Amino acid sequence: KKTGEQQLVLSLNSDMMPLMQSIDPEVEKAFAKADSRDKLILAFLKVMAGNDSKSGFNKTNTNQKLSLWQETDITKTQTWHGRSLNGEVWLVKNHSEQTLTLDERDFYTDGISAIAIAKPVITPGQETKVFLVMEPK
């Protein structure tokens with residue numbers, strides 16, 4: 001876990017506005033029971049991974065291409081805002097001829113609180129989702 005003043009937040013097009021969702025009572029209870037920051041982050045990761053449209057978070061679908069490594073195509077597919085956390089979902093596709101092993105540490109920058117990779121080992125042509133949780137500014 002790493003925290004800091006800066007955060008990895010990529011700008012959205014001005015015409016993309018978050019869609020407000022109703023708050024699911026069960027999700028609300030889970031967040032209320034989170035007695036530590038780590039539990040809150042884990043609950044938020046579960047909301048993003050489950051694409052929980054009833055979570056009470058603002059979710060924006062995006063299609064923003066990112067450039068980190070030559071071997072991959074990366075697209076930011078979602079941005080989440082709410083509570084005391086923000087999040088992003090990235091789709092990482094291996095377009096090399098080699099199997100790639102992704103490590104959470106490769107995605108850390110200042111402001112990132114947690115990272116989860118759905119499938120850290122991807123063969124040529126495969127893709128995986130990366131979930132990033134960050135502190136709001």
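**A sheet, a helix and a ring cluster**

In this predicted model, T72 stands opposite N94 in β3. This pairing of residues is a good doorway into the sheet, since β3 turns up again and again in what follows. Another rung of the ladder is found at D73, whose bridge partner in β3 is K93. Both belong to a longer stretch of pairing, in which strand β2 (residues 72–82) and strand β3 (residues 85–94) run antiparallel over 10 bridges.

It helps to step back to the whole chain. The chain holds 2 helices and 7 strands, and from the N terminus the elements follow the order α-α-β-β-β-β-β-β-β. Of the 137 residues, 39% are buried. About 8000 Å² of the chain is exposed, with carbon and sulfur atoms supplying 50% of that area. Among contacts with a separation of 6 or more, 59% join residues 24 or more positions apart.

Five of the strands make up an open sheet, with antiparallel pairing and the order β1-β2-β3-β7-β5. At its edges stand β1 (58–66) and β5 (112–117); each has a single partner strand, so one side of each is left without a neighbour in the sheet. From one strand to the next, the twist averages 20°. Helix α2 (residues 37–49) packs on this sheet and touches β2, β3, β5 and β7 (127–134), its direction making about 50° with that of β3.

How covered is β3 itself? Of its 10 residues, 8 are buried, so the description "mostly covered" applies to β3. Besides its pairing with β2, β3 pairs with β7 in the antiparallel sense over 8 bridges. On that side, W90 stands opposite V130 in β7. As background, side chains in a regular strand alternate between the two faces of the sheet.

Just beyond β3 comes S96, placed in the loop between β3 and β4 (100–101). Is this loop residue buried or exposed? The relative accessibility of S96 is 16%, and because buried means under 20%, S96 counts as buried. The side chain of S96 makes a polar contact with the side chain of N94, at 2.7 Å; N94 is the residue in β3 that T72 stands opposite. With neighbours within four places in sequence left aside, S96 is in contact with E71 and P124.

The aromatic residues complete the picture. A pair of aromatic rings is described by the distance of the centres and the angle of the planes. The structure holds 2 aromatic pairs. In one of them, the rings of W69 and F107 have centres 5.3 Å apart and planes at 85°, so this pair is edge-to-face. Distant parts of the chain are linked in this way: W69 sits in the loop between β1 and β2, F107 in the loop between β4 and β5, 38 residues apart. W69 is partly exposed, with a relative accessible area of 28%, whereas F107 counts as buried at 3%.

W90 and F107 form an edge-to-face pair as well, 6.0 Å from centre to centre and with 70° between the planes. Because W90 lies in strand β3 and F107 in the loop between β4 and β5, the pair ties together parts that are 17 residues apart in sequence. W90 is buried, with a relative accessible area of 3%. Through these ring pairs, W69, W90 and F107 are linked into a cluster.

Terms used. Residues are numbered from 1 along each chain as its sequence is written. This is a predicted model: local features need pLDDT of at least 70, side-chain atom pairs count only at pLDDT 80 or more; totals for chains, interfaces and linings use all residues. Side-chain values use heavy atoms; hydrogens and water are left out. Helices (H or I, at least four residues) and strands (E, at least two) are DSSP runs, numbered from the N terminus. Buried means under 20% relative accessible area, exposed over 50%, partly exposed in between (1.4 Å probe, protein chains only). Contact means heavy atoms within 4.5 Å. Accessible areas come from the Shrake-Rupley method with a 1.4 Å probe; for residues, only the protein chains shown count as cover. Two strands pair if DSSP finds at least two bridges between them. Axes are lines fitted to C-alpha atoms, for helices over the stretch in contact, and angles run from 0 to 180 degrees between N-to-C directions. A polar contact is a pair of N or O atoms within 3.5 Å; within protein, one must be able to donate a hydrogen and the other to accept it, and residues adjacent in sequence count only if both atoms are side-chain atoms. Rings of Phe, Tyr and Trp (its six-membered ring) pair if their centres lie within 6.5 Å; planes under 30 degrees apart count as stacked, over 60 as edge-to-face and the rest as tilted.
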